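Please look over the model shown here before reading on. The report takes up the ligand site and then some features of the backbone.

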Amino acid sequence: MNIESLTGGPRSVQIVNIVKENAHDRTIFFKDPDMTFSPGQFLMVWVSKVDEIPLSISYFQDGLVGLTIRPIGSATKAIVSLAHNDLIGIRGPFGHPFDLDCPSPLIVGGGIGTAPLRPVIQHFVELGTEITVVIGARTKDELLFIEEMQQLEGDGVRLIITTDDGSAGMKGFVTMAVAQVLSESDIHTLYTCGPEPMMVALWRMAMDHDIRFQASLERYMKCGCGLCGTCALDPTGELVCVDGPVFSGEQLRNITEFGNYHRDSTGVKQNF
Ligand SMILES: Cc1cc2nc3c(=O)[nH]c(=O)nc-3n(C[C@H](O)[C@H](O)[C@H](O)COP(=O)(O)OP(=O)(O)OC[C@H]3O[C@@H](n4cnc5c(N)ncnc54)[C@H](O)[C@@H]3O)c2cc1C
Ligand code: FES
């Protein structure tokens, strides 16, 4: 790792497009032809006079990079209100990506957690691998990338949509759909990102079925590159920004805080 390039200031990129993904979420696009990326990695994104926050890369093709954002606080609201030609600062990409060596993947996204899984889906579609994709959200208004996935459905993608309130797809949690998939299909690896209680339930199901598991975790990050220790996990001390955000099922066995608590900006434990 080149520490000098990490500790230096962010580089400026200009927004070239903004896409409305659903009622709340937006994807901003910028060009960065020199960037290299593996699915699962994230950027530290600096918004002038507001904050610097971690955001997963959801689109990456031919020098065009996209970040899909759910506006929940000051920085995310500031980013979704930016306009064409506005500038943001970026550092990265950072983090340990998904292990994509898999003949029969099951990809399960919950809410905004679907963002880092989009490049995983794209990877398998380009390889011609048959995949099952489960996308869940609380309501229809929070589902991500549904139209795009529906267009891929004939190309080896089996798509299952769930909503907690039944406003689209199956009514209920993604775990219900996953239980059905696991009972009828031969799955090698379950890839997931979303609310941690959802990921814990999926991890238990993967262990019960003896299949591999890859999950992207979210923790409070300050530096994003292994310098500050803010994102350390109990009790191993693994850093989510460097050793993750993607962790395997075997690694998660040793993380006692997985599904139980995370730490806020001051280090205080917050239960899930
Ligand atoms: C590796 C990683 C990838 C992420 N990818 C995405 C993504 O693709 N799209 C997306 O919308 N969100 C993503 N997030 C979450 C996003 O970083 C937070 O929602 C954002 O930081 C909230 O900032 P805010 O100022 O808008 O809200 P605030 O009001 O400041 O915070 C709201 C909540 O967001 C969390 N949060 C705040 N700041 C940080 C921070 N620096 N690091 C981690 N969590 C924080 C805290 O739990 C806080 O309670 C990702 C987080 C991580 C760790
Ligand atoms: S955010 Fe600083 S070490 Fe991970």
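The sections below treat the basis of the model, the ligand and its surroundings, the salt bridges and the backbone.

## Basis of the model

This is a predicted model, in which local features need pLDDT of at least 70 and side-chain atom pairs count only at pLDDT 80 or more, while totals for chains, interfaces and linings use all residues. Residues are numbered from 1 along each chain as its sequence is written, chains are lettered from A and ligands numbered from 1 in the order in which they are written, and side-chain values use heavy atoms, with hydrogens and water left out.

## The ligand and its contacts

Ligand 1 is surrounded by 19 residues, each with a heavy atom within 4 Å of it; P54, T68, R70, T76 and M221 are the closest. By class, the shell consists of eleven nonpolar, five polar and three charged residues, where Ala, Val, Leu, Ile, Met, Phe, Trp, Tyr, Cys and Pro count as nonpolar, Asp, Glu, Lys and Arg as charged, and the others, Gly among them, as polar.

Polar contacts are pairs of N or O atoms within 3.5 Å. A polar side-chain atom of T76 is 2.4 Å from an oxygen atom of ligand 1, and polar backbone atoms of R70 and A75 lie 2.8 Å and 2.9 Å, respectively, from an oxygen atom of the ligand. Taken alone, ligand 1 exposes 860 Å², of which the protein buries 79%, with areas from the Shrake-Rupley method and a 1.4 Å probe.

## Elements around the ligand

Three elements give two or more residues each to the shell around ligand 1, namely β4 (51-56), β6 (64-69) and α2 (74-80); of these, β4 supplies the largest share, four residues. Helices (H or I, at least four residues) and strands (E, at least two) are DSSP runs, numbered from the N terminus.

## Salt bridges

The structure holds eleven salt bridges, each a side-chain nitrogen of Lys or Arg within 4 Å of a carboxyl oxygen of Asp or Glu. In one of them R70 pairs with D25, with the closest N and O atoms 2.6 Å apart. This pair links distant parts of the chain, 45 residues apart, since R70 is in the loop between β6 and α2 and D25 in the loop between β1 (11-20) and β2 (26-31).

## Backbone features

The peptide bond between D234 and P235 is cis, with omega about -5°, and that from G244 to P245 is also cis, with omega near 10°. P235 is in the loop between β13 (212-216) and β14 (246-248), as is P245.

K49, in the loop between β3 (42-47) and β4, has a phi near 65°, a positive value in a residue other than glycine.

How values were computed: A polar contact is a pair of N or O atoms within 3.5 Å; within protein, one must be able to donate a hydrogen and the other to accept it, and residues adjacent in sequence count only if both atoms are side-chain atoms.
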